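Here are my notes on the two chains, written as numbered points so that each can be checked against the view. Please keep the structure open while you read.

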Amino acid sequence: MALTTTPEQTRRPPRPVRATRRGSGPGAGREGLAGYVFLSPWLVGLLGITAIPMLLSLYLSFTNYDVLTPWPEVEWVGLANYRRMFTADPAYWHAVRVTVTFALVAVPLKLATALGVALLLNRTWRGVGLFRGLFYLPSLLGGSVALAIVWRSMFNADGAVNSFLAFFGIQGQPWVNDPDWALETLMVLAIWQFGAPMVIFLAGLKQVPTELYEAAAVDGAGPFRQFLSVTLPMLSPVIFFNLVLETIHGFQGFTAAFVLSNGTGGPVDSTLMYTLKLYISGFTDLEMGYASAMAWVFLVAIGLITAVFFSTGRFWVHYSDGSDS
Amino acid sequence: MYAATPVPAGPPAADHHRTARPGRRLANLLAATLVAVPLLFGAAACGGEDASDDPNAPVKISIFWWGGDARAKLTEDALALYTKKHPNVTFEKTWQANQGYFDKLATLTAGGNPPDIFQIDDNFLAEYAARNATLDLTSYQQSGKVDTSRFPESLWKYGVVDGKLAGLAAGENTQGLVYNKTLLTKHGLPEPTTGMSWEQHIAWAAQVSAKAGMPGTQDPSADYKAFWVWLRQQGKDLYRDKALGFAAEDVTAWFELWKGARDRKATPTPDVIHEGNVTDVTKQLVVTGKAATSWVWANQLPELKKNTKDELGVVAYPGDPSAQWARASMYYSVFKGSKHRDAAVDVINFLVNDPEAAQVLGTDRGLPSNLDLRKQVAESATDPAMKLSMQVEEDLASTFGAAPQVPLKGHSTLKSELTKAAEAVQFGRATPAEAARQLVAACTAAIA
């Protein structure tokens with residue numbers, strides 16, 4: 001199966017058992033210790049920056065922690081935060097809807113665009129490297145604030161996009177200031193940054209053996225048939241990888257929504273992404289306990305979605321090394 | 001890979017048992033870390049005694065404020081003045097833009113490492129005071145170490161939360177309706193006046209829209225400070241004790257008032273209204289030319305003037321001006337756990353009561369709280385916009401009503417819910433009554 005791992009893939013630091021088996025005694029012990037010493041920068045980071053804060057936030061999600069109250073006075077409230085989230089906070093469910101809509105539209109379109117452009121660039125014409133660079137450029141800017149600010153001014157009522165449309169006699173929209181269009185504007189921004197999955201698709205396309213295409217051509221397959229029967233199956237592990245990554249990324253979208261709405265999720269909560277709602281609860285409303293609960297539900301939800309991908313992956317992801325049986 | 005690194009042939013199995021230990025050592029290390037890290041945080045969170053009894057011992061006071069470059073320059077100059085008079089006191093200054101300031105302050109406080117002195121406003125004062133993050137200045141006030149004798153009474157009282165003086169007013173301001181004078185003159189339109197009713201204001205704005213081709217007024221239905229003034233004129237308030245001071249019907253009436261104004265084309269379209277709701281002072285509709293009036297604080301006039309070539313005027317919000325009050329534009333508060341409480345209190349007293357400091361700081365944080373110094377600053381003011389805003393506020397001061405109570409904790413939710421509800425009505429997503437009901441429900445939950 002896809003997840004089957006071989007010893008080579010998960011080489012662990014030598015265990016005492018193995019060391020003993022090799023009969024090298026204390027030397028190997030020291031080597032093991034050295035391993036941990038070399039590992040320590042990462043280990044300290046994992047514990048100090050990830051693991052311990054995460055556990056603390058799990059604890060906080062059962063309290064009424066409000067940031068300003070000193071720790072000893074924080075009250076345990078049991079499941080109250082979770083109950084409130086699921087039963088008494090309409091804005092929470094609204095944020096869930098906004099986020100799911102965003103991910104359902106933006107992720108497939110982004111992947112399709114990335115694959116389409118990768119197919120175009122997977123040829124050898126002169127200057128193709130330049131185009132690859134150009135298409136990748138927006139992704140380098142990533143989740144940057146500057147980019148979102150530019151986007152906001154471009155999609156203003158009197159921004160560049162409307163001036164461009166007016167040139168063709170099309171009456172523009174107030175885009176980011178209109179609750180009907182604000183989320184769509186965010187989606188376009190996300191789709192535009194298709195460079196990272198595109199590069200991965202390109203690498204995947206290079207791996208497809210040319211003899212498969214030759215064989216298919218001999219069998220009379222046209223370009224479309226070749227794409228369906230050779231490219232897509234051969235590319236499926238890469239598609240799978242990109243799908244998982246981009247879905248997680250899509251659910252976590254924050255910066256653009258934050259900047260475009262000045263941190264409010266407006267107009268009329270149309271860009272209130274889950275992470276933005278979480279941030280507002282934690283830092284503006286100072287309900288950090290509630291925000292922690294939201295974060296944990298979010299973590300579990302993303303975990304479940306990823307698990308669904310992995311469990312369905314066996315039906316459509318093909319690994320050419322034969323381990324997909 | 002392993003083959004490439006020859007295993008040193010150490011002494012034989014003499015200390016063989018050690019080879020089995022790294023795992024356990026690691027476990028011990030993890031356990032130690034788990035214990036030590038919270039301890040470290042805990043240690044950082046406590047502590048708060050005054051470091052020394054010696055008044056001349058060197059002291060470093062951290063101070064944090066929001067604002068632009070101009071404010072930073074003025075504040076640094078004023079603090080340098082303090083250091084000149086008290087050479088043992090130096091400052092660790094941090095400042096940033098308003099957006100994100102309170103996130104940072106909350107995070108610093110949570111980390112047990114807040115600044116000794118911080119700037120705060122009435123949106124957050126009660127949040128911090130109710131959680132005992134601010135030092136109660138009452139005893140200092142009684143002993144004269146904090147001098148409020150020359151403050152308007154309602155101004156210093158606007159820093160009292162639950163009977164404790166939680167912040168010292170750094171300046172005074174009040175609601176101001178700023179209008180584009182140049183535009184009105186050009187089209188031969190009358191200027192708005194203090195004391196106009198709300199209906200008169202809307203009729204005037206509709207007239208401006210029709211004649212000047214620019215929407216007469218920003219729609220302030222999402223603006224808590226306009227809503228607040230209007231409520232006070234109806235005999236209500238934003239808060240009463242620990243509850244909301246208004247009911248859903250009041251919100252409905254407020255939303256319907258402005259729905260009428262939009263129907264009469266007195267205001268911009270909803271997307272432009274939204275733009276005005278979310279932008280900072282430099283891009284208010286009155287300076288970007290998208291509306292003839294904006295709803296701001298009177299002391300923001302000089303800042304607005306910097307962003308437009310047009311002449312601007314300022315009057316009180318419509319209705320009875322006694323609904324407005326001498327509001328502390330912002331406060332200086334001292335962190336309760338500060339190690340240098342007494343020194344920090346002396347610094348904030350200096351910033352508001354020292355003549356030289358007042359001269360340096362000018363009206364950047366609002367009119368000086370100390371009335372003697374306000375007079376002194378007014379006499380030496382040269383910027384016409386600053387002179388005008390001081391003049392208007394002086395005129396209004398004679399009609400100011402009593403200050404309301406400082407907003408309750410949960411006020412930030414009220415502000416964002418009001419914006420959401422008002423915009424839902426503007427974009428036709430909800431009727432005034434529906435939006436009002438949701439607003440009251442959400443706010444009641446937030447302040448509980």
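1. In this predicted model, the unit to begin with is a right-handed β-α-β arrangement, which is made by strand β1(B), helix α2 (residues 69-85) of chain B and strand β2(B). The two strands of the unit, β1(B) and β2 (residues 89-96) of chain B, pair in the parallel sense over eight bridges. One residue pair that can be looked up in the view is I61(B), whose bridge partner in β2(B) is F91(B).

2. Strand β1(B) also pairs with strand β3 (residues 117-120) of chain B, again in the parallel sense, and here the pairing runs over two bridges. Within this pairing, F64(B) stands opposite F118(B) of β3(B). Is β1(B) mostly buried or exposed? Six of the eight residues of β1 (residues 59-66) of chain B are buried, so this strand is largely enclosed by the rest of the structure.

3. These pairings belong to an open sheet of five strands in chain B, which has the order β2-β1-β3-β12-β6 and mixed pairing. At the edges stand β2 and β6 (168-173) of chain B, and because each has a single partner strand, one side of each is left without a neighbour in the sheet. Neighbouring strands of this sheet are turned against each other by 20° on average, when direction is ignored.

4. Which helix lies across this sheet? Helix α14 (residues 341-353) of chain B lies across β1, β2, β3, β6 and β12 (327-334) of chain B, and it runs at about 155° to β12(B).

5. Chain B is divided into two domains, of which domain 1 takes in 59-170 + 329-383 and domain 2 takes in 175-324 + 410-447. Their C-alpha centres lie 30 Å apart, while seven residues of domain 1 of chain B are in contact with five residues of domain 2 of chain B. On the side of domain 1 of chain B that touches domain 2 of chain B, the residues divide into two nonpolar, four polar and one charged.

6. A second open sheet in chain B is built from three strands in the order β10-β7-β11, with antiparallel pairing. Its edge strands are β10 and β11 (312-315) of chain B, each of which pairs on one side only, and the twist averages 30° from one strand to the next. How many bridges join β7(B) and β10(B)? These strands pair in the antiparallel sense over five bridges, and in β10(B) the bridge partner of G176(B) is V296(B).

7. Helix α9 (residues 224-233) of chain B deserves a separate look. Eight of its 10 residues are buried, so α9(B) is largely enclosed by the rest of the structure. The buried residues are Y224(B), A226(B), F227(B), W228(B), V229(B), W230(B), L231(B) and R232(B). The buried residues of α9(B) pack against two strands, β7 (175-180) and β10 (293-297), as well as against the helices α8 (198-212), α10 (248-263) and α18 (411-426), which also belong to chain B. Just after α9(B), the residue G235(B) takes a positive phi of about 80°.

8. Turning to chain A, the secondary structure comes to 14 helices and zero strands. Of the 325 residues in chain A, 32% are buried. Among the contacts in chain A with a separation of 6 or more, 66% are accounted for by residues that are 24 or more positions apart.

9. One residue of chain A can serve as a worked example, namely G32(A), which has its place in helix α2 (residues 26-60) of chain A. Why does G32(A) count as buried? Around G32(A) there are 23 other C-beta atoms within 10 Å, and a residue is called buried if 20 or more lie within that distance. G32(A) and L55(A) are 23 residues apart in sequence, and their C-alpha atoms are 28 Å apart in space.

Technical notes:
Residues are numbered from 1 along each chain as its sequence is written. Chains are lettered from A and ligands numbered from 1 in the order in which they are written. This is a predicted model: local features need pLDDT of at least 70, side-chain atom pairs count only at pLDDT 80 or more; totals for chains, interfaces and linings use all residues. A residue is buried if 20 or more other C-beta atoms lie within 10 Å of its own, exposed if 12 or fewer, and partly exposed in between; C-beta atoms are placed from the backbone. Helices (H or I, at least four residues) and strands (E, at least two) are DSSP runs, numbered from the N terminus. Two strands pair if DSSP finds at least two bridges between them. A crossover is right-handed if, with the strands pointing away from the viewer, the path from the first strand over the helix to the second runs clockwise. Axes are lines fitted to C-alpha atoms, for helices over the stretch in contact, and angles run from 0 to 180 degrees between N-to-C directions. Domain bounds come from an automatic or database domain assignment. Ala, Val, Leu, Ile, Met, Phe, Trp, Tyr, Cys and Pro count as nonpolar, Asp, Glu, Lys and Arg as charged, and the others, Gly among them, as polar.
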